[in-house]
Amino acid sequence: MVDLNRQTSFTSKYHDQEKIWSGHSFISYGDLKALLAELPVSAEPIPTKNYTKWWCGNLDQVYGELFFNLIAFESILKDRAFPLNECYLMPRVRDNNFMVEFGINYKTREGKELSRTFEILRLDERNFGIFYDKYTNSRPLL
């Protein structure tokens with residue numbers, strides 16, 4: 001069932017914004033869970049990019065998985081002395097898909113600027129999907 005009120009609210013609130021938020025760590029963003037709860041149900045839950053991993057669950061589960069991955073990746077970058085240029089939240093409205101992109105822009109020791117993104121969308125009234133490329137120790141960040 002499509003929730004037109006939630007779609008209208010989300011679209012009117014974020015359609016003119018390039019970014020919802022930008023900072024140096026996702027820890028400093030207010031309430032990520034409240035932002036996820038605002039997401040309308042997507043008609044066809046297809047992310048904007050090809051990700052190697054996806055996971056779904058209810059709001060609490062997806063919030064926990066997302067927050068764990070964001071903070072873990074930030075920590076890995078900092079441990080490797082890769083400066084974080086920006087952490088950001090970006091609304092993505094495409095056709096009848098409503099997503100929030102979580103991104104981390106960073107610089108390698110060689111000066112190459114890279115980005116890692118995660119996308120969240122609502123599958124139905126209870127379930128959300130998270131799409132990401134999970135970092136593993138066997139794959140270099142470069």
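How accessible is R92: buried, partly exposed or exposed? R92 comes out as partly exposed, with a relative accessible area of 26%. Keep in mind while browsing these views that this is a predicted model.

**View 1. Strand β4 sits largely enclosed by the rest of the structure.** Strand β4 covers residues 97-107, and 9 of its 11 residues are buried, so the rest of the structure largely encloses it. It has strand partners in β3 and β5, which get their own views below. In a regular strand, side chains alternate between the two faces of the sheet.

**View 2. β3 and β4 make a hairpin.** Strand β3 (residues 84-94) runs antiparallel to β4, and the two pair over 10 bridges. To get your bearings, find L89, which stands opposite F102 in β4. Just 2 residues lie between the strands, and D95 in that turn has a positive phi of about 50 degrees.

**View 3. β4 carries on into a hairpin with β5.** Here the partner is strand β5 (residues 113-122), again antiparallel, with 9 bridges to β4. A handy landmark is V100, sitting opposite I120 in β5. The turn has 5 residues between the strands, including G111, whose phi is positive at about 95 degrees.

**View 4. E101 and R92 join up in a salt bridge.** Side chains of opposite charge can pair when their charged atoms come close. In this view the N to O distance between the R92 and E101 side chains is 2.8 Å. E101 is buried, at a relative accessible area of 1%, while R92 is partly exposed at 26%.

**View 5. E113 and K107 form another salt bridge.** Their side chains meet at 3.9 Å, N to O. E113 is exposed, with a relative accessible area of 57%, and K107 is partly exposed at 30%. Back at R92 and E101, shared salt-bridge partners tie those two and K49 into one network.

**View 6. E74 and K78 pair up along helix α3.** The two residues are 4 apart in α3 (residues 59-79), so about one helical turn separates them. Their side chains meet in a salt bridge of 3.9 Å, N to O. E74 is buried, with a relative accessible area of 2%, whereas K78 counts as partly exposed at 47%. For the wider picture, searching the whole structure turns up 8 salt bridges.

Definitions and conventions:
Residues numbered from 1 in each chain as written. Predicted model: local features only at pLDDT ≥ 70, side-chain atom pairs only at ≥ 80, totals over all residues. Heavy atoms only, no water. Buried < 20%, exposed > 50% of the residue type's maximum accessible area, 1.4 Å probe, protein only. Pairing = 2+ DSSP bridges. Salt bridge = Lys/Arg side-chain N within 4 Å of Asp/Glu carboxyl O.
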